[in-house]
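Trainee: I would like to learn how to read a model feature by feature, with the general idea first and the case at hand second. Could we go through one together?

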Amino acid sequence: SRSLTHELVRHRQFGVSQLSQRFIEHDDCNFVVPPALLNEWRLNPTGIEAEKYRADCQSTLADYLWWLDAYKRLGYTGKEAKEAARSKLTNDVETRILITGDLRCWRVFFELRASEGADKEIRRLANMCYDKLAEECPNVFDDYEKKTLADGSFAIDTKHRKI
């Protein structure tokens with residue numbers, strides 16, 4: 001989600017390339033369900049919260065498309081119209097990113113963002129990245145321990161912080 005990438009770019013040691021909302025069509029965009037709601041939806045997948053969230057996503061998309069069309073009718077170019085209308089999109093709109101960093105950067109990222117107190121969405125990303133990197137570079141990450149938390153998610157910890 002855009003919310004996650006706002007957190008991610010705070011790690012200035014990474015190189016981050018993100019899909020721009022100014023250049024793509026959002027007529028059928030996806031929304032990333034916040035992890036807090038995912039826990040609820042596993043228990044009650046047709047609950048009122050799920051219905052409200054889906055309705056809000058559709059409303060957000062409809063508002064965006066209405067404003068996109070309005071800006072085009074007012075004479076703005078496609079790029080200008082998208083640039084102006086994107087303010088109607090919420091932070092849970094899906095985006096695509098490419099992240100690069102050296103192994104030390106990744107260790108710091110895991111220590112901060114895979115910890116129990118981290119935001120759940122970025123912790124989920126940190127765990128997925130850790131799984132891939134630990135498989136590719138086991139000696140670099142063999143001091144990390146992955147533990148299951150009460151909500152079923154995972155956290156990662158190490159005895160050798162900030163190496």
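Trainee: To begin with a single residue, where does R12 lie?

Mentor: First, a word on the source: this is a predicted model, in which local features need pLDDT of at least 70 and side-chain atom pairs count only at pLDDT 80 or more, while totals for chains, interfaces and linings use all residues. Residues are numbered from 1 along each chain as its sequence is written, and side-chain values use heavy atoms, with hydrogens and water left out. Helices and strands are DSSP runs numbered from the N terminus, a helix being H or I over at least four residues and a strand E over at least two. R12 lies in the loop between α1 and β1, the latter covering 15-18.

Trainee: Is R12 buried or exposed?

Mentor: The general idea is a cut-off on relative accessible area: buried is under 20%, exposed is over 50%, and partly exposed is in between, with a 1.4 Å probe and protein chains only. R12 has a relative accessibility of 71% and therefore counts as exposed. Its C-alpha atom is 9.3 Å from that of C105, although the two residues are 93 apart in sequence.

Trainee: How many helices and strands does the protein chain have, and what pattern do they follow?

Mentor: There are 6 helices and 4 strands, and along the sequence their pattern reads α-β-α-α-α-β-α-α-β-β. The C-alpha atoms of the chain fill a box of roughly 60 × 40 × 20 Å along the principal axes, and buried residues make up 37% of the 163 residues.

Trainee: What share of the contacts comes from residues 24 or more positions apart?

Mentor: A contact means heavy atoms within 4.5 Å. Among the contacts in the protein chain with a separation of 6 or more, residues 24 or more positions apart account for 65%.

Trainee: How does one check the span of a helix such as α3?

Mentor: The expected span is 1.5 Å times one less than the number of residues. Helix α3, residues 48-73, has 26 residues and should therefore span 38 Å; its end C-alpha atoms are 37 Å apart, which agrees. After α3 comes G75, which has a positive phi near 100 degrees.

Trainee: Which residues of α3 are buried?

Mentor: An α-helix has 3.6 residues a turn, so residues three or four places apart point the same way. In α3 the buried residues are A50, Y53, C57, T60, L61, Y64, L68, A70 and Y71. T60 counts as buried because its relative accessibility is 11%, and, leaving aside neighbours within four places in sequence, T60 is in contact with F31, K88, L89 and T90.

Trainee: Which helix holds K82, and what does K82 contact?

Mentor: K82 is in helix α4, residues 78-85, and is buried, with a relative accessible area of 10%. Apart from neighbours within four places in sequence, its contacts are Q21, R22, F23, I24, E25, Y64 and L68. By contrast with a contact list, a C-alpha separation describes a chosen pair: K82 and C57, 25 residues apart along the chain, are separated by 18 Å.

Trainee: How many salt bridges does a search of the whole structure find?

Mentor: A salt bridge is a side-chain nitrogen of Lys or Arg within 4 Å of a carboxyl oxygen of Asp or Glu. The search finds 8 of them. One of these joins R113 and E7, at 2.9 Å from N to O; R113 in helix α5 (residues 103-113) and E7 in helix α1 (residues 2-8) are 106 residues apart, and the pair links distant parts of the chain. R113 is buried at 13% relative accessibility, whereas E7 is partly exposed at 24%. E7, R10 and R113 are linked in a network of salt bridges.

Trainee: Where do the partners D69 and R73 lie?

Mentor: Both lie in helix α3, 4 residues apart, about one turn of the helix. Their closest N and O atoms are 2.5 Å apart; D69 is partly exposed at 39%, and R73 is exposed at 54%.

Trainee: Which elements does the salt bridge between D131 and K146 tie together?

Mentor: The side chains of D131 and K146 meet at 2.6 Å, N to O. D131 lies in helix α6 (residues 120-136) and K146 in strand β3 (residues 144-148), so the pair ties together parts that are 15 residues apart in sequence. D131 is partly exposed at 38% relative accessibility, and K146 is partly exposed at 31%.
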